[in-house]
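Here's a quick briefing on one protein chain, from its overall build down to a handful of charged side chains. Have a look at the model first, then read on.

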Amino acid sequence: MKYLVVRFRQMGDAVIATCLLNSIRENDPEADITFVLNEKIAPLFRGHPSIDHIVTFTEKERHSVWRNLWKMRQTVHRVHYDVIIDMRSTVNTMGFALFSPRSKYRIGLDKSYTRLVYSHLVHRFHAGDTAISHDLDMLRPLGFSHVDGRISLYVSDEERSQWAKKLVDWGLDLTKPIVMVGVSAKLEEKKWSLEGMAYITKQLIARNDDAQIVFNFAPGQEADDAKRVYALCGNDRHIFLNVDAKSQRELSVMATFVTFYFGNEGGARHIMHAHGVPSFVVVSPGRDPRIWIPDDNVPASWASLDDLMSREKQEQYTFAEQYKLITPEYVWRKLAAFLDKKNILTANPEVGVGR
């Protein structure tokens, strides 16, 4: 059968959606699967074994009613899809199902305005759902015998070989642990304090003197933040600011060399998880980490204000004050316990954990 899976939104959402794609492939090995997503993140999914075709929409196409409608119509008229899974089910994506009435399965979310468009409706996000369980629930109308919560990405051996050479040229030793630290974030509301990032970076170095710290950041403000954290760490020799992943695809290749990831919760962590890299993140106030961080065989944990106080008590503080309550000392205590439990970056005996 031919499947069209529509997943607009950000990088992290699209990476999580690979659990749905993998489940389709596992249940229907001969499936022909087309993935529809934003153009800017499409290269990240190139070569994925559970994706046969990628259809991209530019920002102009997404934000122009007529261009958007035209491309949706062309997409489903060019190929007859047996199954359309619209993971967004908004007025901007309903055209895929609307223009394909002969598709046996037109699966969307149950909303007041979707009931005449889709042949099969799935409940919207409920309390207790995770991002993965919600995505997999969209396969329920197909009656698959097994669904797989595994998320994954693909990079080629050639890409890894090229990147290995780059890392060596940049001065890294591939026989020693590489720790990636996401020191900043695109959105201010998802960015923990730079002083906290510096504190944890120094603790990670103290824990394992062989650790090579690579900061992950985008150009602009994030780059300025990375330089600030580097200065707060005393320009430590363990930190490499010159490792430059210029795209999400390159970050994905880089992930295959990473031993451990620490940073703000977001898309970069999902990329790491998809490659089996253990991670620990600081979660911004108001977000539930259990929704976004998979509970599977890849070690992953977090520091969250929810662990320290109830949501009702949190409301007594401003958002900025809430973030400050997630102290570097608390984050390190929880992170060090996680590293010990999972035997990651084994502590230097002469240093001791949490110094």
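What follows covers the fold as a whole, then the charges and their pairings. Keep in mind that this is a predicted model. The chain packs 15 helices and 12 strands. Its radius of gyration comes to 22 Å against the 20 Å that the globule rule gives for 355 residues, so the chain is as compact as a globular protein of that length.

**Overall build**
- Along the principal axes, the C-alpha atoms take up a box of roughly 70 × 50 × 40 Å.
- Of the 355 residues, 53% are buried.
- Looking at contacts with a separation of 6 or more, 61% come from residues 24 or more positions apart.
- About 16400 Å² of the chain is exposed, and carbon and sulfur atoms supply 50% of that area.

**Charges across the chain**
- There are 46 positive and 44 negative charges, and their mean positions sit 4 Å apart.
- Side chains of opposite charge can pair when their charged atoms come close.
- Here the count comes to 19 salt bridges, and three of the pairs are picked out below.

**The R249–E159 pair**
- R249 and E159 join their side chains in a salt bridge, at 2.8 Å from N to O.
- R249 belongs to helix α10 (residues 248–255) and E159 to helix α7 (residues 157–169), so this pair ties together parts that are 90 residues apart in sequence.
- Both partners fall under the 20% cut-off for buried residues: R249 has a relative accessible area of 7%, and E159 has 16%.
- The pair also has company, as salt bridges with shared partners link R46, E159 and R249 into one network.

**The K165–D169 pair**
- Helix α7 also holds K165 and D169, which are four residues apart and therefore separated by about one helical turn.
- These two form a salt bridge, with 3.1 Å between the closest N and O atoms.
- What about burial: are K165 and D169 buried or exposed? Both K165 and D169 are exposed.

**The E188–K191 pair**
- The side chains of E188 and K191 meet in a salt bridge too, at 2.9 Å from N to O.
- This one is a mixed case: E188 counts as exposed, at 51% relative accessibility, whereas K191 counts as buried, at 13%.

How values were computed:
Residues are numbered from 1 along each chain as its sequence is written. This is a predicted model: local features need pLDDT of at least 70, side-chain atom pairs count only at pLDDT 80 or more; totals for chains, interfaces and linings use all residues. Side-chain values use heavy atoms; hydrogens and water are left out. Helices (H or I, at least four residues) and strands (E, at least two) are DSSP runs, numbered from the N terminus. The radius of gyration is taken over C-alpha atoms; the globule rule is 2.2 Å times the number of residues to the power 0.38. Buried means under 20% relative accessible area, exposed over 50%, partly exposed in between (1.4 Å probe, protein chains only). Contact means heavy atoms within 4.5 Å. Accessible areas come from the Shrake-Rupley method with a 1.4 Å probe; for residues, only the protein chains shown count as cover. Lys and Arg count as positive and Asp and Glu as negative; His and the chain ends are not counted. The place of a charge is taken as NZ of Lys, CZ of Arg, CG of Asp or CD of Glu. A salt bridge is a side-chain nitrogen of Lys or Arg within 4 Å of a carboxyl oxygen of Asp or Glu.
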